Amino acid sequence: MSRPHAPARQRDAILPYLLLSPGLLLLLGMLYPFFLGVYYSLTNYYLQYPHLFRFIWLRNYLKLLEDPLFSYSLRFTLGYALVAVVVQVGLGLAVALLLNSRIIGRGVIRGMMLMPLMMPPVITALMWKIMMASTKAGILNYLLSFLGLGPVNWLGAMNSAIVSVFIIDTWGNLPFVAIILLGGLQSLPTEPYEAARVDGAAGWGVFRYITLPLLKPFIILAATFRVMDSLRIFDVIYAATVGGPADATMNLHMRAFFYAFQWYQMGMGMAYAMVLLILVFLASYLLMGYWRRAAEQTSL
Amino acid sequence: MKHRMRTRRWMIAAAFLILGGWICWAAVEALAAEPDLTYFRQAKINWRQFEGQKLTIGLNKHPYTESLLPLIPEFEALTGIKVEYLILPENEYFAKLVADLSNARGEFTVIMTGPMRNWTYAAPGWILPLEPFLNDPKLTDKAWYKPEDFFPGLIAANRWNGKIGGGTGEGALWSIPIMCESYILAYRKDIFDKYKIKVPTTYEELAEAARLVKKNAGIDGVMARGTPNTPTISTGYISGAKSYTDGKWAEADQNMIARLSDPRHVNFSKIWIDMVRESGPANWANMTWYDGMETFAAGQAGMYPDCDFFAQTYEDPKKSKVAGKVGYALLPPGPGGRTYSGLWTWALGMSKATKNKEAAWYFIQWATSQRTLLNATVEFRNYNPSRASVMNDPRTQKVLGSWGNGAYVKTVQENLKTARVAWVPNPERGRLGDIWARALHEIYFKRLSPEEAMKRADEEINKIFKDIGLQK
């Protein structure tokens with residue numbers, strides 16, 4: 001009796017794995033380089049000196065502490081991400097609220113908002129670099145001159161270079177935050193607003209006590225993405241400042257790149273990358289937990 | 001009936017017309033596809049002895065590459081060797097190349113390299129010396145190839161005996177040059193004449209000239225590269241440093257002990273950085289070679305001590321506002337009266353992991369032959385040529401000779417008499433240069449004194465050299 005069923009049952013047992021196999025393969029394709037990276041970070045691996053290759057346990061991580069730029073690049077990475085997430089999410093919320101209200105040309109503006117997202121970050125950075133030329137020839141300084149300001153040495157001085165990188169990054173990523181939050185705003189239930197109107201609440205009160213709490217999961221989601229991206233920011237910095245001037249914009253990712261792909265010291269490069277990975281993981285783990293709680297609260 | 005006959009006649013005529021057209025088209029196509037190989041067949045070697053083999057070439061994006069691509073079918077028709085290639089932007093190219101060479105994958109058989117790069121590739125034995133191929137009469141007809149036609153200094157630059165800390169110009173030939181650059185001073189002759197500014201002959205005068213241009217003409221006195229990495233060092237700056245010290249100082253001694261804190265170099269860095277801070281571009285710390293060249297060509301700078309061949313941009317009225325207004329001079333010499341410019345050549349070399357070595361040599365021989373290099377220069381502006389015959393060709397002379405009223409050719413020829421690879425041979429040149437450039441930033445932003453900045457750079461470099469075992 002069981003005979004005719006056997007192939008069917010067998011098929012039932014295999015089927016889920018078959019369906020999952022592309023995903024599993026992809027996972028394998030991701031995990032292999034990851035573990036290889038972890039392994040390399042524990043070795044003395046130089047591309048150009050294969051004879052030096054040895055397993056050296058955690059010595060690369062100890063050497064990190066001696067690296068004159070480790071502590072600065074760590075602080076810069078964290079500080080940058082913190083400022084970036086606060087400002088970009090704040091501005092993004094403002095833009096989303098604006099686009100959610102009835103302004104003229106809303107459709108056009110929403111469409112145009114997507115443009116920075118379509119541009120590769122390196123192109124964005126190079127475009128801004130030209131606009132940020134330190135002389136009067138730079139369009140930004142030209143515009144500032146009408147206000148009686150400048151010329152600003154955008155990328156050529158330490159503090160202004162940090163601000164400039166931040167401006168470029170924000171220009172490129174603000175639409176992303178705004179779109180997530182706009183989507184959130186549009187999906188909010190209308191009942192609480194009607195009830196509020198009946199009760200006579202308006203303006204700030206509605207925003208503070210209804211919109212903001214309901215939007216919380218979306219805000220946290222946008223913040224999570226921005227934190228991860230800002231911790232890892234590389235292309236904008238590389239194209240705009242190469243980590244300078246005087247190491248002012250040197251973050252962990254730039255340092256990892258220099259070790260691995262400029263000096264071919266893979267072991268140290270991977271150690272830097274691992275520190276960055278741990279930061280990104282911790283930050284996203286905390287924020288995702290926070291997000292889950294917020295999502296549960298709002299769905300109640 | 002009559003009508004039908006007329007139709008048939010028309011149809012026959014149309015058929016003949018189509019057939020005739022097709023035959024003509026096929027004939028033209030066949031003629032166009034058959035490259036003229038007469039020049040190459042004059043060589044007394046059997047070009048077809050490696051027929052059927054395959055090569056992969058790794059190329060950097062460069063005018064020479066552009067000139068080579070349309071000619072590859074010619075090589076394939078001549079030899080029957082199949083060629084595939086991969087072109088990458090410089091940074092990606094070098095990273096991929098090191099990965100390929102170090103793993104002996106042999107993905108790239110013929111590579112684009114050059115003197116300083118060879119130090120990284122030759123020491124671990126990743127690339128092959130080319131003389132055995134050059135001297136094998138079965139593989140090379142020297143009378144036809146004319147190796148003596150290459151400028152001797154450029155061939156010397158591609159030789160290295162493998163000794164870290166010295167030995168360029170000696171030992172094996174690792175690659176064959178396809179172009180060269182040396183470093184000279186381009187200056188705005190019109191401004192210098194108008195304000196009676198003297199063309200500088202010392203580094204103090206260079207700084208003074210920059211100051212005077214800025215004061216009188218209201219533009220940046222001097223351009224200089226300034227990003228915090230090796231390119232900032234490797235052209236005008238290192239040539240200046242070596243000239244200022246009469247070619248006697250080097251960034252590391254024979255035992256690979258870093259010597260950036262040597263008082264002679266500290267003095268030079270002080271003069272240079274003071275000049276750049278006082279009269280250079282406000283965003284010096286962010287200047288690439290390209291920014292400097294564009295700014296100078298836009299008429300926004302008085303001088304640019306950098307690559308000689310940037311002249312082709314300066315002198316092109318479509319790209320430049322200063323065409324015809326630029327003077328060319330040697331970089332100032334040191335007290336000894338001689339300029340020691342640095343030197344770079346892009347060159348073709350061969351990966352050791354190559355299976356079809358002889359076929360790869362055929363490619364190198366064909367690609368560096370007189371005819372191919374002449375085409376690269378005349379048709380694709382591959383400046384400066386590495387062969388004397390290409391340099392002396394009337395078409396090259398007509399172009400180069402017009403720049404700066406002949407001053408360009410005169411200056412470059414004079415410069416090449418003493419120009420040499422400026423760096424001390426070692427595989428960590430790129431990292432040394434990066435640390436060096438960051439030290440210049442510390443001085444520029446007055447975070448450290450020149451003495452202290454160079455002392456710290458030395459310490460950082462020495463630690464790395466020791467770790468890797470470069471120091472004796």
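# Reading a two-chain predicted model

Modeller: Let's start with chain B: the C-alpha centres of domain 1 of chain B and domain 2 of chain B lie 29 Å apart. Keep in mind that this is a predicted model.

Biologist: Which residues make up domain 1 and domain 2 of chain B?

Modeller: Look at the numbering, since a domain can be built from separate stretches. Domain 1 of chain B takes 54-180 + 345-392, while domain 2 takes 181-343 + 421-468.

Biologist: How many residues does each domain of chain B bring to the contact?

Modeller: Domain 1 of chain B puts in 16 residues and domain 2 of chain B puts in 17 residues. On the domain 1 side, helix 6 (residues 115-122) of chain B gives the most, with four residues. By class, that side of domain 1 of chain B has nine nonpolar, six polar and one charged residues.

Biologist: Now the two chains. How many residues does the contact take from chain B and from chain A?

Modeller: You read it as you read the domain contact: count each side, then ask which elements supply it. Here 27 residues come from chain B and 23 residues from chain A. On the chain B side, the elements giving two or more residues are helix 5 (90-102), helix 21 (429-444) and helix 22 (450-468) of chain B. Helix 21 of chain B has the largest share, six residues. The chain B side divides into twelve nonpolar, nine polar and six charged residues.

Biologist: Let's do sheets. What holds the strands of a sheet together?

Modeller: Strands pair through backbone hydrogen bonds, and the pairing is either parallel or antiparallel. In chain B, take the open sheet of five strands: the order is 2-1-3-11-6, with mixed pairing.

Biologist: Which strands of chain B are at the edges of that sheet?

Modeller: Strand 2 (82-88) and strand 6 (176-177) of chain B, each of which pairs on one side only. Strand 6 of chain B pairs with strand 11 (residues 347-350) of chain B in the antiparallel sense, over two bridges. If you want a spot to click on, B:Ile176 has B:Leu348 in strand 11 of chain B as its bridge partner.

Biologist: Which helix of chain B packs on that sheet?

Modeller: Helix 16 (residues 357-367) of chain B does, touching strand 1 (54-60), strand 2, strand 3 (110-113), strand 6 and strand 11 of chain B. The direction of helix 16 makes about 170° with that of strand 11 of chain B.

Biologist: Over to strand 7 (residues 181-188) of chain B. How many of its residues are buried?

Modeller: Eight of its eight residues. For a strand, check each face in turn. On one side of strand 7 of chain B you have B:Glu181, B:Tyr183, B:Leu185 and B:Tyr187, on the other B:Ser182, B:Ile184, B:Ala186 and B:Arg188, and all are buried.

Biologist: Which strand does strand 7 of chain B join through five bridges?

Modeller: That's strand 8 (residues 303-307) of chain B, and the two run antiparallel. B:Tyr183 stands opposite B:Cys307 in strand 8 of chain B. Strand 7 of chain B also pairs with strand 9 (residues 326-329) of chain B in the antiparallel sense over four bridges, where B:Leu185 has B:Ala329 as its bridge partner. Then there's strand 10 (residues 343-344) of chain B, antiparallel to strand 7 over two bridges, with B:Glu181 partnered by B:Trp344.

Biologist: Take a single residue, B:Gly236. Is B:Gly236 buried or exposed?

Modeller: You decide by counting neighbours, and 20 or more other C-beta atoms within 10 Å makes a residue buried. B:Gly236 has 27 C-beta neighbours inside 10 Å, so it counts as buried. B:Gly236 sits in helix 12 (residues 236-244) of chain B. Leaving out residues up to four places away in sequence, B:Gly236 touches B:Tyr183, B:Ala224, B:Pro305 and B:Asp306. B:Ala224 is twelve residues from B:Gly236 in sequence and 7.6 Å from it in space, C-alpha to C-alpha.

Biologist: And chain A? How many helices and strands does chain A have?

Modeller: Chain A has 13 helices and zero strands. The radius of gyration of chain A is 25 Å, well over the 19 Å the globule rule gives for 300 residues, so chain A is more spread out than a compact globule. The C-alpha trace of chain A spans about 80 × 70 × 30 Å along its principal axes.

Biologist: What share of the residues of chain A count as buried?

Modeller: Of the 300 residues of chain A, 34%.

How values were computed
Residues numbered from 1 in each chain as written. Chains lettered and ligands numbered in written order. Predicted model: local features only at pLDDT ≥ 70, side-chain atom pairs only at ≥ 80, totals over all residues. Domains from an automatic or database assignment. Contact = placed C-beta atoms within 7 Å. Nonpolar A, V, L, I, M, F, W, Y, C, P; charged D, E, K, R; others polar. Pairing = 2+ DSSP bridges. Axes fitted to C-alpha atoms, helices over the stretch in contact; angles between N-to-C directions. Buried ≥ 20, exposed ≤ 12 C-beta atoms within 10 Å, placed from the backbone. Rg over C-alpha atoms; globule rule 2.2 N^0.38 Å.
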